[in-house]
Amino acid sequence: MGVRARKHRGGEMNSLEFTVFANKDIRPEELTELFGSVGWGEAAAYSMADVECSLAAYPFIAHARDREGKLVGYISAFCDGSFSAFIGELAVHPSVQRQGIGTALLAKAEAYAGDAVGRSEERRVGKECRS
């Protein structure tokens, strides 16, 4: 999904292009750099093993990259397939905030949650949920 947003700077209109991907093709180092940019600790303080575990644990991850391929946004989510969806993290690099990246990432997560509920309903037809 390619998206073009307009960015104002000093009265001059620039175009910011980014692409949203719904996959886990993210290097732990670039994710910690993004987290550091939004104030979630220093990138060097993160354990790469922990970041890899986090990336593996979430059933849904989407990320946004600018034209040069730099990671500029990230979202992780979980849906129980029935009632609830949870956002783990949503981060957009401060230099490109308010350009529609967070909105595009959230839309991907909402679509994932809707699809997960739909698949769950198909599996439950004629079955009761037992604990």
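Reader: Does Arg67 count as buried or exposed, and at what relative accessibility?

Author: Buried means under 20% relative accessible area, exposed means over 50%, and partly exposed lies in between (1.4 Å probe, protein chains only). Arg67 has a relative accessibility of 56% and therefore counts as exposed. Please note that this is a predicted model, in which local features need pLDDT of at least 70 and side-chain atom pairs count only at pLDDT 80 or more, whereas totals for chains, interfaces and linings use all residues. Residues are numbered from 1 along each chain as its sequence is written, and side-chain values use heavy atoms, with hydrogens and water left out.

Reader: Which residue does Arg67 meet in a salt bridge?

Author: Side chains of opposite charge can pair when their charged atoms come close. A salt bridge here is a side-chain nitrogen of Lys or Arg within 4 Å of a carboxyl oxygen of Asp or Glu. The partner of Arg67 is Glu17, at 3.4 Å from N to O. Arg67 lies in the loop between strand 3 and strand 4 and Glu17 in strand 2, so the pair ties together parts that are 50 residues apart in sequence. Glu17 is partly exposed, at 25% relative accessibility.

Reader: How many salt bridges does the structure hold, and which residues do they join into one network?

Author: The structure holds 3 salt bridges. Glu30 forms one with Arg65, where the closest N and O atoms are 2.7 Å apart. This pair links distant parts of the chain, since Glu30 is in helix 1 and Arg65 in strand 3, 35 residues apart. Through shared partners, salt bridges join Arg27, Glu30 and Arg65 into one network. The side chains of Glu30 and Arg27 meet at 3.6 Å, N to O. Glu30 is buried at 11% relative accessibility, and Arg65 is buried at 13%, whereas Arg27 is exposed at 52%.

Reader: What pattern of helices and strands does the protein chain follow along the sequence?

Author: Helices (H or I, at least four residues) and strands (E, at least two) are DSSP runs, numbered from the N terminus. The protein chain has 3 helices and 5 strands, and its pattern is β-β-α-α-β-β-β-α. Buried residues make up 34% of its 131 residues.

Reader: Which elements give two or more residues to the largest nonpolar core?

Author: In soluble globular proteins, nonpolar side chains tend to be buried together. A nonpolar core is a set of buried Ala, Val, Leu, Ile, Met, Phe, Trp, Tyr and Cys residues joined through side-chain atoms within 4.5 Å. The largest one has 18 residues, and those with the most contacts inside it are Val20, Phe60, Ala64, Ile101 and Leu105. Strand 2 (12-21), strand 3 (60-66), strand 4 (71-79) and helix 3 (101-124) each give two or more residues to this core. Helix 3 supplies the largest share, 6 residues.

Reader: Which residues does Leu105 touch, leaving aside those up to four places away in sequence?

Author: A contact means heavy atoms within 4.5 Å. With that exclusion, Leu105 touches Val20, Ala62, His63, Ala64, Gly73, Tyr74, Ile75, Leu90 and Ala91. Apart from the largest core lies another, of 10 residues, including Ile26, Phe35, Leu55 and Ala91. Over the protein chain, residues 24 or more positions apart account for 56% of the contacts with a separation of 6 or more.

Reader: How many aromatic pairs does a search of the whole structure find, and which residues form one aromatic cluster?

Author: Rings of Phe, Tyr and Trp (its six-membered ring) pair if their centres lie within 6.5 Å; planes under 30 degrees apart count as stacked, over 60 as edge-to-face and the rest as tilted. The search finds 5 pairs. For Phe35 and Trp40, the ring centres are 5.0 Å apart and the planes stand at 55 degrees, so the pair is tilted. Phe35 and Tyr46 form another tilted pair, with 6.0 Å centre to centre and 50 degrees between the planes. That pair links distant parts of the chain: Phe35 is in helix 1 (residues 28-37) and Tyr46 in the loop between helix 1 and helix 2 (48-57), 11 residues apart. Phe35 is buried, with a relative accessible area of 8%, while Trp40 is partly exposed at 37% and Tyr46 partly exposed at 26%. Phe35, Trp40, Tyr46 and Tyr74 form one aromatic cluster.
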